[in-house]
Amino acid sequence: MKISLFVTCLGELFYQEAAKDMVEVLERLGCEIDFPRGQICCGQPAYNSGYRKDAQKAAKQMISAFESSEYIVTPSGSCAGMFKEYPGLFQDDATWHEKAQKVADKTYEFTQFIVNVLGVEDLGAVYHAKATYHTSCHMMRLLKETESPFKLLNNVEGLELLPLENSYDCCGFGGTFAVKMVPISEQMVDEKVRHVEETGADVLITADGGCLMNIKGRIDRKGKPIAVKHIAQILNSRS
Amino acid sequence: MAMKIGEKPFFDRVDDALDDTFMRQSMANAQDGLRGKKIAATEGDEAIGDWEDWRSAGEEIRRHTLENLDYYLEQLSENFAKRGGHVFFAETAEEANAYIQQVAKKKNAKNATKAKSMVTEEIGLNEALADVGCQVHETDLAEYILQAEEGDRPSHIVVPSLHKNKSQIRDTLKEKAGYSGTDQPEELTAFARSQLRDVFMNADIGITGCNFGVAETGSVSLVTNEGNANMVTSYPETQISVMGMERLVPTWEDLDVMVNLLSRSAVGQKITTYVTNVTPEVGPQSVDGPKDFHLVIVDGGRSKALGTEFQSALHCIRCAACVNVCPVYRHIGGHAYGSIYQGPIGAVLSPILGGYEEYGELPYASSLCAACTEACPVKIPLHEQLIRHRQIYVEEGYADKSEQAAMTAFGIGASTPSLFKIATKGAPTFAKPFVQEGSISNGPGPMKLWTKIREFPAPGKENFRKWFKEHKKGDSRNE
């Protein structure tokens, strides 16, 4: 199966290890991966802040980069969700709307692709830790993807997955919200970190770079001994 | 007092709220408590079938009503008038108040009782009637407490005094109403009840809001738990119901669906203790009910949303399900919004009704987590409407100039691969002076706001594209 990797700007800049793990997991499943070089950022920072025209520029760039792909797979529920918003950005432009719809229809979040398209739930991963999982809002509510990460994590040998209190509450990232509304975002991420701590987990797993950057940033600032990992890092682990 | 709460700027209100540890605990407890109740009465209640079907039916009824609003408003008012009631259409809060003042003056009314109503808060009716010598007595328990406090305002559209605890309530009633008992809720309630008995008996006018007008019969439906609305609508000979322009349903069958959606979503009740339906029966044969019944229908800026992408915000039935799941409301409570309409729906409605100058910051008080959209029983796409408000805010030039410049730069950067390549290659070098132990604690420029409370990740040293190229070798599309 031929897939195009949409690595996301956060993945490319900060979370290359997770991106590499994702590539290796997918290759092991027999996928032939390409990396369209025109890809930059999905445009969500501009879109969510109200800068529609700037978001359109980013979207056109991404649509052009990915229009010939068969499947687009990304290690972020939120960025996949943004691709699904593309048709709405071009309501007055039939040509771009059609292209946007095609791109949106073939876009999948990493775990969603493995479980729903490849039909695989056990990746043979081994990871010895007590962990809990942070459900990203956009993956859960925009992509409506709630089960795939758990199906895959439940088959990881050695992984004890602990339930997270108020898992449905946002971690306080919200893109530019995290810097525009610092005092509110701080309370939200603190409550999230407190719930993570209460589980007794050593590792927090998430499938979204934005949430990861926010929660890890706060955990590290507070000096808490909890590691924060992208789900691809767990699923590619063999020890 | 009307719709606006307080004079402080947004961030000062947020700071005040974040300092109020009792209020915050109370919001969190309320959200956590209501969550289970709501689930049990909605998707968890097998007796009603699929909750999603109910939501779809509710959305359909609201959409149909709003799309044919002229028709149903006319039907409602014709039927109301046919039975001897008086209907007044008020374009503004001032017009609504002036009409009600004139009714009060004609009756020489000194005392009015009122059941809980958000639209009368919105238009500032209590103050308007006080100006003509008529005192309005709040009879909903929570509103009664807030009124006793003098100047306190609702912090939740369904549970207005959510920000107060029982000892605060005891102190208020001691100081303002001569209460001398304990802070036991039963005792406090019994006191309020005994005080309100006389008030009900001596009212010259009864005032209610309107959960739903029923067009086919010209009726006003009130969804309550305390029974006070029944007292308000039974004693006085003069009755005034104030209705937001959009708050009606075509038929009783539709009402059945909407009352289910409202009580289940708002408080997790299958049905509220009272669903009171009042229809004018004014005439010589009439023995029960008011001798004089007025329905005041308020636009108050609602028509600005008609025909726009915000029209579905008018589908709202004020259940506060979105407020009850909002993680921002959870921490800042209601007053920080500076509007009597708080939470996600408040952040959508307030700028429509009161403008961007006053309420333009509210749509940004959301992480766009979409919990609101998921909770809404009539499927208003709340988080999308928040984004739409942000777009208008930017287009109309309210946004910060440095943010505009940054986003223009973003637009260019995100559509110019050569620039992005330079940026990703240069990032580790650029960030190097700020990096300590793998992350940035005190970032420059726009990163500063991020690093105020969190670490910023140091850019990875390895170039992913280079790694991928070497890893793959030979795929033509990688060139």
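A residue counts as buried here when its relative accessible area is under 20%, and as exposed when that value is over 50%. Keep those two cut-offs in mind as we walk through this structure, which is a predicted model.

Let's begin with the overall look of chain B. Its C-alpha trace spans about 95 × 50 × 45 Å along the principal axes. Within that span, chain B holds 22 helices and 13 strands. Of its 479 residues, 57% count as buried. How do parts of the chain that are distant in sequence meet? Among the contacts in chain B with a separation of 6 or more, 74% are between residues 24 or more positions apart.

Now turn to the outside of chain B. The chain exposes about 20,400 Å², and carbon and sulfur atoms supply 51% of that area. As for charge, chain B carries 51 positive and 66 negative side chains. The centres of these two sets lie 7 Å apart.

Next come the strands, and a general idea helps first. Strands of a sheet pair through backbone hydrogen bonds, and they can do so in a parallel or an antiparallel way. Chain A lets you see the parallel kind. Strand β1 of chain A (residues 2-5) pairs with strand β3 of chain A (residues 71-74) in the parallel sense, over 3 bridges. Here A:Ile3 stands opposite A:Tyr71 in β3(A). β3(A) also pairs in the parallel sense with strand β4 of chain A (residues 107-109), again over 3 bridges. In that pairing, A:Ile72 stands opposite A:Thr107 in β4(A).

For the antiparallel kind, move to chain B. There you can find an open sheet of 3 strands in the order β11-β12-β13, with antiparallel pairing. Its edge strands are β11 (435-436) and β13 (456-457) of chain B, each of which pairs on one side only. β11(B) is joined by 2 bridges to strand β12 of chain B (residues 439-440). Across this pairing, B:Val435 stands opposite B:Ile440 in β12(B).

Loops have their own surprises, and two residues of chain B are worth a look. B:Asn108 is not a glycine, yet its phi is positive, at about 55 degrees. You will find B:Asn108 in the loop between α5 (93-107) and β2 (111-114) of chain B. B:Ala320 also has a positive phi without being a glycine, with a value near 70 degrees. This residue sits in the loop between β10 (292-298) and α13 (321-325) of chain B. Are these two loop residues buried or exposed? B:Asn108 has a relative accessible area of 53%, so it is exposed. B:Ala320 has a relative accessibility of 3%, so it counts as buried.

Our last stop is the aromatic rings. Over all chains, the count comes to 29 aromatic pairs. One of them is formed by B:Trp450 and B:Phe456, whose ring centres are 6.1 Å apart. Why is this pair called edge-to-face? Planes over 60 degrees apart count as edge-to-face, and the planes of B:Trp450 and B:Phe456 stand at 90 degrees, so the pair fits that description. Recall the definition we began with: both B:Trp450 and B:Phe456 are buried. They also belong to one aromatic cluster together with A:Phe14, A:Tyr15 and A:Phe173.

Technical notes: Residues numbered from 1 in each chain as written. Chains lettered and ligands numbered in written order. Predicted model: local features only at pLDDT ≥ 70, side-chain atom pairs only at ≥ 80, totals over all residues. Heavy atoms only, no water. Helix = DSSP H or I, 4+ residues; strand = E, 2+ residues; numbered from the N terminus. Buried < 20%, exposed > 50% of the residue type's maximum accessible area, 1.4 Å probe, protein only. Contact = heavy atoms within 4.5 Å. Areas by Shrake-Rupley, 256 points an atom, 1.4 Å probe, with all protein chains shown as cover. Lys, Arg positive; Asp, Glu negative; His and termini not counted. Charge placed at Lys NZ, Arg CZ, Asp CG, Glu CD. Pairing = 2+ DSSP bridges. Phe/Tyr/Trp six-rings, centres within 6.5 Å; stacked < 30°, edge-to-face > 60°.
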